[in-house]
Amino acid sequence: MNDKPDTSAQEDLGADFKKALDEGWLPIREVARQTGVNAITLRAWERRYGLVVPQRTPKGHRLYSAEHVQRILTILTWLNRGVAVSQVKPLLDAAPASGEVVENDWHLLRQTLLNAVTRLNERTLDDSVNQAMALYPPRTLCEQLLMPLLAELEQRWQGQFGAQMERTFFYSWLRSKFGARIYHNNRQLHSAPLLLINQSDLHMEPHLWLCAWLISSTDCPVQVFDWPLPPGELALTVEHLQARGVLLYSSKAMNLAQLPKLLNGINCTTMIAGPTVCIHHAELSVRTTEIADLYLAEDPLSAHQALLQRGLI
């Protein structure tokens, strides 16, 4: 965890606030930066569940201690184990014995979303995801809800009458949902973007949009191209955008013979992500030793983690 404070959080919000910062207290913006849990979610945890209750200045500004930060990280540990946020509080001070199964409502929420998709019920789908977004960080939401839901839907759609109808409905909603959030974030950011490209011939790769949302949630601008680019034009796109990096996502086999030509002229870090990494594991592993700054990731979560570790986001 990077402990260097965000100086933009040290705005002049009163003498009491400045004194508290000088004494080592942290404003909500800095806590969000250190933990990856945004301010809206921290307020919801406080208001609805009393999970983390900060100190307040006379003017009402929230102040957090190092102990608060550690508590937030512990909460994330429980969430990543599949515990619902509503069930975390009693576990914080009385952890269950190793191996004990903790009840959670992720399955129930996935079932709600699954039913909404099968009935083409956009309102229920949108309202349920909005509520989850207010309570969980993006990475937890991807790991515990959205990626398992996509896997369950893919199984359901095998040979199922009406599968294309459901797939088109859900993928269209997902792209609109996360595209709008990414657009809003991009409007507030001015640094070099990360370029994400759908490298398969499938319309609307859903995991590409999960990648984009995870990256965008770190305050990194993203530019999503939902269709492949021919060799030569990828380098031109990187040049025009002054991109900090490129992520090529594919859930299908790629033509690896064209990879050197595709990446020719690109002078930034490149990542290939998605099931194509498993499909071509041996050959792609060799390519990473031959092509500088080429990395692999099998899914949105590992792509997000690898980009963080390399300081690209």
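## Where H6 meets H9

In this predicted model, Ala116, Val117 and Thr118 of helix H6 touch Glu166, Phe169 and Phe170 of helix H9. By character, the residues of this contact split into 4 nonpolar, 1 polar and 1 charged.

A pair of packed helices is described by the angle between their axes and the distance between those axes. Here, H6 spans residues 106-118 and H9 spans residues 163-187, and their axes come within 9 Å and cross at roughly 115°.

## Helix H3 and its surroundings

Let's turn to helix H3, which covers residues 39-49. Its buried residues are Ala39, Thr41, Leu42, Ala44, Trp45 and Glu46. An α-helix has 3.6 residues a turn, so residues three or four places apart point the same way.

What do the buried residues of H3 pack against? Their partners include three helices, H2 (28-35), H4 (66-80) and H7 (122-135). Strands S2 (55-56) and S3 (62-64) are partners too.

## The two ends of H3

At the N-terminal end, H3 is capped by asparagine 38, with a side-chain oxygen 3.2 Å from the backbone nitrogen of isoleucine 40. Just after the helix comes glycine 50, which adopts a positive phi of about 65°.

## A closer look at glutamate 46

Is glutamate 46, a residue of helix H3, buried or exposed? Glutamate 46 counts as buried because its relative accessible area is 15%, and buried means under 20%.

Which residues does glutamate 46 contact, leaving aside its neighbours within four places in sequence? They are Leu51, Val52, Val53, Pro54, Arg56, Arg62 and Tyr64.

Notes: Residues numbered from 1 in each chain as written. Predicted model: local features only at pLDDT ≥ 70, side-chain atom pairs only at ≥ 80, totals over all residues. Heavy atoms only, no water. Axes fitted to C-alpha atoms, helices over the stretch in contact; angles between N-to-C directions. Helix = DSSP H or I, 4+ residues; strand = E, 2+ residues; numbered from the N terminus. Contact = heavy atoms within 4.5 Å. Nonpolar A, V, L, I, M, F, W, Y, C, P; charged D, E, K, R; others polar. Buried < 20%, exposed > 50% of the residue type's maximum accessible area, 1.4 Å probe, protein only. Polar contact = N/O pair within 3.5 Å; in protein donor to acceptor, adjacent residues only side chain to side chain.
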